[in-house]
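Thank you all for making the time this morning. I would like to walk through one model, going from a single loop residue to the way the helices pack, and I will leave the sequence and structure up while I talk.

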Amino acid sequence: MNAPVHQWERQADAVLGIAASVLLFGMMVLTFADVVGRYLLNKPIRGAFEVTELLLLALIFAGLPLVSHADEHVTMDFIDRLLPGRLRLAWIRCMHAVCAALMFFVAWQTWIKAGKIAGYGDTTDVLRISVGPFVYFMTAMIALTGAVHVFKVFTPGAARASQATT
């Protein structure tokens with residue numbers, strides 16, 4: 001029961017996938033340079049830990065919509081196995097609706113927190129990088145993940161990815 005993947009879905013996956021790859025590569029290069037500088041030259045990169053933390057944050061939240069779109073998140077399918085085909089599809093769509101509602105709730109709460117953080121002018125300790133934009137990015141990615149789940153509720157063949165139940 002594989003539904004066709006639309007062009008815009010492939011493009012969105014590609015953009016987020018490339019962004020995640022660039023972030024991961026940047027973290028790798030920064031960590032390598034910091035380790036070489038720290039242990040061979042006795043000159044660590046100033047603020048490397050902070051930049052790595054921020055890149056990790058961006059990497060995790062950029063990957064969240066990708067994981068949801070591909071249905072590669074952790075699933076517990078003990079209920080799904082007991083349900084017949086049509087009821088199973090309804091259950092999966094219902095779970096996507098629940099996930100969407102939770103994601104939008106978390107995005108709303110994160111938006112509120114981002115406003116406070118930006119209002120306080122919070123920065124990292126060493127490099128004084130503003131933290132607010134990163135929290136707003138988190139909010140956007142959580143909201144995008146909610147939108148992915150809404151899409152999966154209404155898309156025929158919502159169980160098209162490799163789920164254990166199909």
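Let me start with Asn42, which is exposed, with a relative accessible area of 65%. Asn42 sits in the loop between α1, residues 7-39, and α2, and its phi is near 60 degrees, which is a positive value in a residue other than glycine. Most residues other than glycine have a negative phi. I should say at once that this is a predicted model, and what I describe should be heard in that light.

Arg128 offers a second case, with phi again near 60 degrees, a positive value in a residue other than glycine. Arg128 lies in the loop between α3 and α4, and with a relative accessible area of 56% it is exposed, because the cut-off for that label is over 50%.

Staying in that loop, what does Leu127 touch, if residues up to four places away in sequence are not counted? The partners are Arg46, Gly47, Glu50 and Val51. Leu127 is itself found in the loop between α3 and α4, and at 29% relative accessibility it counts as partly exposed. If you look at Glu50 in particular, Leu127 and Glu50 are 77 residues apart in sequence, yet their C-alpha atoms are 7.7 Å apart in space.

That brings me to the chain as a whole. It has four helices and zero strands, so that, read from the N terminus on, the elements run α-α-α-α. Buried residues make up 34% of the 166 residues in the chain. Of the contacts with a separation of 6 or more, 76% are accounted for by residues 24 or more positions apart.

Now to the packing, taking the helices pair by pair. For α1 and α2, the packing angle is about 155 degrees, with the axes 9 Å apart, and that makes α1 roughly antiparallel to α2. The crossing in which α1 passes α2 is left-handed. On the α1 side, the residues that make the contact include Leu16, Ala20, Leu23, Leu24, Met27 and Leu30, while those from α2 include Val51, Leu55, Leu59, Ala62 and Leu66. By class, this contact of α1 with α2 has 15 nonpolar, five polar and three charged residues.

The second pair is α3, residues 85-120, and α4, residues 132-154, whose axes come within 8 Å and cross at roughly 165 degrees. These two helices are therefore roughly antiparallel to each other, and α3 passes α4 in a left-handed crossing. The contact of α3 with α4 has 19 nonpolar, eight polar and two charged residues.

The third pair is α2 with α4. Are these two helices roughly parallel or roughly antiparallel? They pack at an angle of about 10 degrees, with their axes 8 Å apart, and that makes α2 roughly parallel to α4. Among the α2 residues that meet α4 are Leu57, Phe61, Leu64 and Pro65, and among the α4 residues that meet α2 are Phe134, Met138, Met141, Ile142 and Val148. The residues of this contact of α2 with α4 divide into 14 nonpolar, four polar and one charged.

Which residues, then, form the largest nonpolar core? There are seven of them, namely Leu16, Phe61, Leu66, Ala107, Met138, Met141 and Ile142. Both α2, residues 48-69, and α4 supply at least two residues of this core, and the largest share, three residues, comes from α4. A second, separate core has six residues, and Ala20, Leu55, Ala58 and Leu59 are among them. As background, in soluble globular proteins nonpolar side chains tend to be buried together.

I would like to finish on Ile142, a member of that largest core. Leaving aside residues up to four places away in sequence, Ile142 touches Phe61, Leu64, Met103, Val106, Ala107 and Thr110. Two of the names in that list, Phe61 and Ala107, belong to the largest core as well, and Phe61 also appears among the α2 residues that meet α4. If you want one place to begin when you open the model yourselves, Ile142 and the residues it touches, including Phe61 and Ala107, are where I would look.

Terms used:
Residues numbered from 1 in each chain as written. Predicted model: local features only at pLDDT ≥ 70, side-chain atom pairs only at ≥ 80, totals over all residues. Heavy atoms only, no water. Axes fitted to C-alpha atoms, helices over the stretch in contact; angles between N-to-C directions. Parallel < 35°, antiparallel > 145°, perpendicular 65-115°, else oblique. Left-handed = near helix turned anticlockwise from the far one by under 90°. Nonpolar A, V, L, I, M, F, W, Y, C, P; charged D, E, K, R; others polar. Core = buried A, V, L, I, M, F, W, Y, C linked by side-chain atoms within 4.5 Å. Buried < 20%, exposed > 50% of the residue type's maximum accessible area, 1.4 Å probe, protein only. Contact = heavy atoms within 4.5 Å.
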